[in-house]
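Visitor: Hi, I've just opened this one and I'm new to it. Could you walk me through it?

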Amino acid sequence: MGCCDKKQIVNNKVSGDLDGLICYCFNHSKQSLFDAIHSNNEQEIVNDIKKKMKDPGCFCETSNPSGKCCMADVMGFIKHHKGGSL
């Protein structure tokens, strides 16, 4: 089964909904990022994404339904769930 054969929940809105992925290239879910925020480990996910963006590289244009990089969504999600402060 290829990556395009899987059905995924598409929902990049910053809301209370924790279903679906926040990073489509590297399979980070909203729930895992939410859990990391509440254990003060969100920077580990951010660092993982940034590292993988360099090597092997991201493919947001084809993997993210919005066609754009997820980093703004990731940082917005963190800011929202940390009460507006980063």
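What follows is a chat about the helices, the core and a few odd backbone spots.

Guide: Sure. This is a predicted model, where local features need pLDDT of at least 70, side-chain atom pairs count only at pLDDT 80 or more, and totals for chains, interfaces and linings use all residues. Residues are numbered from 1 along each chain as its sequence is written, and side-chain values use heavy atoms, leaving out hydrogens and water.

Visitor: Okay. Which residues of helix α4 are buried?

Guide: In α4, residues 71–81, the buried ones are Met71, Asp73, Val74, Phe77, Ile78 and His81. Buried means under 20% relative accessible area, exposed means over 50%, and partly exposed is in between, with a 1.4 Å probe and protein chains only. Helices (H or I, at least four residues) and strands (E, at least two) are DSSP runs, numbered from the N terminus.

Visitor: Why are they on the same side of α4?

Guide: Because they cover an arc of only 165° around the axis. That arc is taken from the directions from the helix axis to the C-beta atoms. As a rule, an α-helix has 3.6 residues a turn, so residues three or four places apart point the same way.

Visitor: And what do the buried residues of α4 pack against?

Guide: They pack against β1 (21–23), α1 (30–38) and α2 (42–57). Contact here means heavy atoms within 4.5 Å.

Visitor: Let's stay with α2 and α4. At what angle do they pack?

Guide: At about 175°, with the axes 11 Å apart. Axes are lines fitted to C-alpha atoms, for helices over the stretch in contact, and angles run from 0 to 180 degrees between N-to-C directions. The two helices are therefore roughly antiparallel to each other. The cut-offs are under 35 degrees for roughly parallel, over 145 for roughly antiparallel, 65 to 115 for roughly perpendicular, and oblique for the rest.

Visitor: Which residues meet there?

Guide: From α2 you have Glu42, Val46, Ile49, Lys50 and Met53, and they meet Met71, Val74, Met75 and Ile78 of α4. By class, this contact has seven nonpolar, no polar and two charged residues. Here Ala, Val, Leu, Ile, Met, Phe, Trp, Tyr, Cys and Pro count as nonpolar, Asp, Glu, Lys and Arg as charged, and the others, Gly among them, as polar.

Visitor: Lys50 caught my eye. Is it buried or exposed?

Guide: In between: Lys50 counts as partly exposed, at 43% relative accessibility. The C-alpha atoms of Lys50 and Met71 are separated by 8.6 Å, though these residues are 21 apart along the chain.

Visitor: New topic. Which residues touch the most other members in the largest nonpolar core?

Guide: That core has 17 residues, and the ones touching the most other members are Ile22, Cys23, Leu33, Ile49, Val74, Phe77 and Ile78. Two or more residues come from each of β1, α1, α2 and α4, and α4 gives the largest share, four residues. A nonpolar core is a set of buried Ala, Val, Leu, Ile, Met, Phe, Trp, Tyr and Cys residues joined through side-chain atoms within 4.5 Å.

Visitor: What about α1, which of its residues are buried?

Guide: Lys30, Leu33, Ala36 and Ile37. Seen down the axis of α1, they fall within an arc of 125°, so they line one face of the helix. They pack against β1, β2, α2 and α4.

Visitor: And His28, what does it touch?

Guide: His28 lies in strand β2, residues 28–29, and it counts as buried at 12% relative accessibility. Leaving aside residues up to four places away in sequence, His28 touches Leu21, Ile22, Cys23, Ile45, Asp48 and Ile49.

Visitor: You promised odd backbone spots. Where is the cis peptide bond?

Guide: From Asp55 to Pro56, with omega near 25°. Pro56 is in helix α2. In general, most residues other than glycine have a negative phi, and most peptide bonds are trans.

Visitor: So which residues have a positive phi of about 55°?

Guide: Asn27 does, although it is not a glycine, and Asn40 does too. Asn27 sits in the loop between β1 and β2 and is exposed at 54% relative accessibility. Asn40 is in the loop between α1 and α2, and with a relative accessible area of 61% Asn40 is exposed.

Visitor: What follows α4?

Guide: Gly83, with a positive phi near 80°.
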